[in-house]
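Q: Walk me through the annotated C-terminal part of this chain, please. I'd like to see how it sits with the strands and loops leading up to it, and what the rest of the fold looks like around it.

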Amino acid sequence: MATEKINTEIVTLTRFLNEEQTKHKEATGDFTLLCHALQFSFKSIAYYIRRASLINLGGLAGSSNTTGDDQKKLDVIGNDLFIAAMRSCGRVKVLVSEEEEEAIVFSDNPNARYAVACDPIDGSSNLDAGVSVGTIFGIFKLPEDAKGTKEELLKPGTELVAAGFTMYGASAQLVLTMRGGPVNGFTMDNALGEFILTHPNMQMPKKRAIYSCNEGNSKYWEEPVLEWCNSVKQADKPYSLRYIGSMVADAYRTLLYGGIFAYPADKKSPKGKLRILYECAPMAMVFENGESTVRAC
Ligand code: AHM
Ligand code: MG
């Protein structure tokens with residue numbers, strides 16, 4: 001009788017990070033340790049999101065964040081979990097979070113060489129409906145003489161050394177990329193408690209006509225944006241619309257299926273709604289590295 005072939009060569013995120021580290025002779029292991037801490041924050045955020053309805057974590061916390069959004073209880077918990085992980089790994093000097101007014105400088109980590117920007121729970125307006133949300137992160141390497149100020153983190157996205165996101169959906173999916181490298185996707189195996197490499201070298205397909213934007217804002221759009229949106233609907237083969245309203249989930253689908261995701265600036269938000277440091281720049285790095293011209297290195 002034929003038995004199902006079981007994969008015994010499982011590449012966990014831990015194994016993947018160790019193998020990456022050994023490829024770089026000059027590596028100190030600091031980046032690997034930082035990624036282990038990120039991994040723990042994703043696991044714990046996923047855990048609380050899954051259990052939210054059972055342990056009264058739905059709804060608002062009664063506070064608002066830097067951009068004036070009402071914070072959900074899970075926004076606060078996700079932020080606290082992320083901060084604790086970054087502090088305790090000892091490798092992060094400065095952290096900027098969507099949920100924090102000011103940059104957090106970890107003065108107890110004076111020799112740390114990394115700065116991290118994050119949106120701990122992006123798309124949190126979807127939380128109470130059980131719709132996918134995610135954590136977005138971008139990592140910069142600081143110069144040796146860095147003081148640990150927020151100005152040191154205000155750099156172009158092209159200077160990120162790594163970026164990615166974790167989507168908390170039917171399963172937790174972690175997408176990670178490093179400068180000049182491929183995009184790799186890991187799926188959380190809850191039984192093993194490990195992220196497993198399931199989507200190596202992700203490359204966004206060029207085909208598949210999906211567009212993804214909040215057309216409810218079209219009243220506020222400028223003419224060129226309206227023209228673009230009409231053009232995808234009036235194409236010979238019109239695009240299909242998919243819009244979840246959690247960028248991480250919309251981006252993950254776009255990475256897998258192809259298409260266009262957009263949140264155009266409009267008359268309500270002339271600079272755009274999405275924030276460059278912890279939303280747009282990390283996503284841009286994933287999508288640039290996930291273009292089909294990028295090869296595993
Ligand atoms: P958030 O960081 O406060 O959750 O806002 C960002 C989210 C994105 O995930 C998503 O693309 C967008 O806001 C959705 O906005 P809208 O509800 O205006 O379509
Ligand atoms: Mg966000």
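A: Before leaning on the annotation: UniProt positions here follow the numbering used for this chain, feature names are shortened, and an annotation may be inferred rather than shown by experiment. Also keep in mind that this is a predicted model.

With that said, the unreviewed UniProt entry annotates residues 204–289 as "domain: Fructose-1-6-bisphosphatase class 1 C-terminal". Helix makes up 42% of that span and strand 8%, and the C-alpha atoms at its two ends are 10 Å apart.

Let's start with the way in. Lys206 sits in the loop that links strand E10 (194–199) to strand E11 (210–212). Why is Lys206 classed as exposed? Because 12 or fewer C-beta neighbours within 10 Å is the cut-off for exposed, and Lys206 has 8. Lys206 also has a partner from far along the chain: its C-alpha atom is 8.6 Å from that of Glu291, 85 residues away in sequence. Asn201 is in the loop between E10 and E11 too, and has a positive phi of about 50° despite not being a glycine. With 15 C-beta neighbours inside 10 Å, Asn201 counts as partly exposed.

Past that loop comes a small piece of sheet to look at. E11 belongs to an open sheet of 3 strands, ordered E12-E11-E13, with parallel pairing. Strand E12 (240–241) and strand E13 (260–261) are at the edges with a single partner strand each, so each has one side without a neighbour in the sheet. Between E11 and E13 there are 2 bridges, in the parallel sense, and Ser212 stands opposite Phe261 in E13.

Now for the ligand. Ligand 1 has 13 residues around it, and the ones that come nearest are Asp122, Gly123, Asn214, Gly245 and Met247. Sorted by class, that shell has 6 polar, 5 charged and 2 nonpolar residues.

On the other side of the E10–E11 loop is a bigger assembly to trace. E10 is part of an open sheet of 8 strands with mixed pairing, in the order E4-E3-E5-E6-E7-E8-E9-E10. E10 is one of the edge strands, the other being strand E4 (104–105), and each pairs on one side only. The neighbour of E10 is strand E9 (residues 183–189), which runs antiparallel to E10 and is joined to it by 5 bridges; Thr187 faces Ile196 in E10 across that pairing. The E9–E10 hairpin has 4 residues between its strands, and there Gly193 takes a positive phi near 70°. Further into the sheet, strand E6 (residues 133–141) pairs with strand E7 (residues 162–168) over 7 bridges, again antiparallel, and Phe137 stands opposite Gly164 in E7.

Phe137 leads on to the core. Setting aside neighbours within four places in sequence, Val116 is in contact with Phe137, along with Met86, Val92, Leu95 and Ile139. The largest nonpolar core has 61 residues, and Val116, Met86 and Val248 are the ones touching the most other members. Helix H2 (residues 30–51) gives this core the most, namely 9 residues. As background, nonpolar side chains in soluble globular proteins tend to be buried together.

H2 also leads to a last loop for comparison with Asn201. Asn56 lies between H2 and strand E1 (60–64), and is a non-glycine with a positive phi of about 60°. Asn56 has 9 C-beta neighbours inside 10 Å, so Asn56 counts as exposed.

Terms used: Residues are numbered from 1 along each chain as its sequence is written. Chains are lettered from A and ligands numbered from 1 in the order in which they are written. This is a predicted model: local features need pLDDT of at least 70, side-chain atom pairs count only at pLDDT 80 or more; totals for chains, interfaces and linings use all residues. A residue is buried if 20 or more other C-beta atoms lie within 10 Å of its own, exposed if 12 or fewer, and partly exposed in between; C-beta atoms are placed from the backbone. A residue is near a molecule or strand if its C-beta atom, placed from the backbone, lies within 6 Å of it. Ala, Val, Leu, Ile, Met, Phe, Trp, Tyr, Cys and Pro count as nonpolar, Asp, Glu, Lys and Arg as charged, and the others, Gly among them, as polar. A nonpolar core is a set of buried Ala, Val, Leu, Ile, Met, Phe, Trp, Tyr and Cys residues joined through C-beta atoms within 7 Å. Two residues are in contact if their C-beta atoms, placed from the backbone, lie within 7 Å. Two strands pair if DSSP finds at least two bridges between them.
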